[in-house]
Amino acid sequence: MQTVSTLLDQNWYERYKAISHLNIRSSIYDVTNRCNLRCKGCFFFSSDEHKAAAEEEDVKQWEAFVEKEQARGVNLAILIGGEPTLYLDRVEAFYKRLPTYCATNGLIKVPRDRFPDMMVGISLWGDEEDERLLRGKDAFAVSSRHYAGDPYTYYLYTITSRQLGRTERVIRRIADVGLKVHMQLLSNDEGVDGFSWTPEQLAEIRAEMDAMLDRYPETVISCRYYHEVITTGRMLGRPFSWEECPSVTEPMDRRDPQPKRLIRFIRWAADLKTMHRCCTSATRDCRTCKDGAAHMSWVMVNKRAHMQSAKDLQNWIEVYEMFAKLYRFIPW
């Protein structure tokens with residue numbers, strides 16, 4: 001029988017030990033239904049999830065809710081929206097009680113005197129041209145001024161098919177303002193013309209992502225195996241699908257047989273009562289999903305399947321390390 005210790009040399013075994021105790025238990029929370037942008041391709045609005053439930057406005061109710069989430073075993077709160085920074089008192093209800101990650105478009109600066117070490121992930125949808133087309137403005141121009149050099153901030157670069165051959169300029173700009181970057185791919189939920197992926201483009205962007213990792217190792221938080229999984233939609237020969245997705249809200253998960261999944265994961269609406277189906281939206285076809293966190297989690301929950309060889313297990317370790325870095329469980 002293959003074991004971790006028999007598959008890994010001393011260096012890799014030490015890396016494994018550094019993550020094996022983390023026991024990350026995450027859930028996702030819609031802080032608000034409102035946003036100060038309306039991006040084409042945003043699953044939250046394209047799926048009408050912003051209409052699913054009214055917002056809870058009483059901050060005391062948010063505080064009580066977060067304490068219940070603590071008791072439920074959650075040790076990572078992932079805050080999305082809408083735009084969470086529109087309601088910093090709700091964000092603070094999480095931050096004071098749980099390790100917290102805030103996803104933002106970066107137009108409103110998180111005050112570091114109030115949230116000194118909260119992880120902030122800034123959405124970025126390409127270069128100036130694509131950001132203006134998809135988001136209505138060059139959000140990077142604003143967010144990079146707000147967060148330059150911030151050690152608890154990185155860009156989540158959602159690469160579109162139009163970015164082929166243009167990613168290096170974007171990543172160099174991020175490096176120049178002293179920030180990190182993680183890459184995922186646009187799922188194009190609203191079918192914006194010219195932004196869907198072909199198999200040939202996915203192969204090309206995989207090579208480009210690998211090249212960016214090699215050229216900017218101090219800036220890019222990623223690994224080659226993640227690039228393979230997200231561009232092919234396959235892991236160990238298995239296709240990503242509804243039957244495989246690990247990020248389905250636990251009380252709503254009626255799949256049989258049950259796949260490996262995130263324990264206690266729930267995606268909550270802003271009324272603190274309504275649950276969404278999964279980490280993205282109920283209207284998305286899982287076969288076309290390019291969500292980075294979902295694919296990372298897919299790898300992470302399937303450790304045993306990656307114990308067929310030393311290389312497979314090393315791939316698993318690198319993905320787990322990447323996830324842990326992005327949510328600040330281990331340092332960059």
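This talk goes through the cavity, the second largest pocket, the cysteines and one helix of a predicted model.

Before the details, please keep in mind that because the model is predicted, local features need pLDDT of at least 70 and side-chain atom pairs count only at pLDDT 80 or more, while totals for chains, interfaces and linings use all residues. Residues are numbered from 1 along each chain as its sequence is written, and side-chain values use heavy atoms, with hydrogens and water left out.

I begin with empty space. On a 1 Å grid over the protein atoms alone, a cavity is a set of points where a 1.4 Å probe fits but cannot get out, a pocket is an open set with protein on both sides within 12 Å along at least five of seven lines, and lining residues have an atom within 4 Å of a point. By this rule there is one cavity of 30 Å³ or more, and the largest cavity holds about 60 Å³, where a volume is the space filled by probe spheres set on the grid points. Its lining includes Phe240, Trp242, Cys245, Cys279 and Cys289, and by class that lining has seven nonpolar, one polar and two charged residues.

The second largest pocket has a volume of about 270 Å³, and of the 21 residues that line this pocket, Leu202, Arg287, Thr288, Cys289 and Lys290 are the closest to its centre. Helix H10, residues 224-232, gives the largest share of the lining, three residues, and the lining as a whole divides into nine nonpolar, ten polar and two charged residues.

Now to the cysteines: how many disulfides does a search of the whole structure find? The search finds zero, a disulfide being a pair of cysteine sulfur atoms within 2.5 Å. For Cys223, the nearest cysteine sulfur is that of Cys289, 18 Å away, and Cys223 counts as buried at 4% relative accessibility, buried meaning under 20% relative accessible area with a 1.4 Å probe and protein chains only. Cys245, which is also in no disulfide, has the sulfur of Cys279 as its nearest, 5.5 Å away, and Cys245 is buried as well, with a relative accessible area of 6%.

I close with helix H2, residues 10-20, whose buried residues are Trp12, Tyr16 and Ile19. These three cover an arc of only 70 degrees around the axis, so they lie on the same side of H2, the arc being that of the directions from the helix axis to the C-beta atoms. They pack against helix H1 (4-7) and helix H12 (310-326), with contact taken as heavy atoms within 4.5 Å, and helices here are DSSP runs of H or I with at least four residues, numbered from the N terminus.

Methods:
Helix = DSSP H or I, 4+ residues; strand = E, 2+ residues; numbered from the N terminus. Nonpolar A, V, L, I, M, F, W, Y, C, P; charged D, E, K, R; others polar. Buried < 20%, exposed > 50% of the residue type's maximum accessible area, 1.4 Å probe, protein only.
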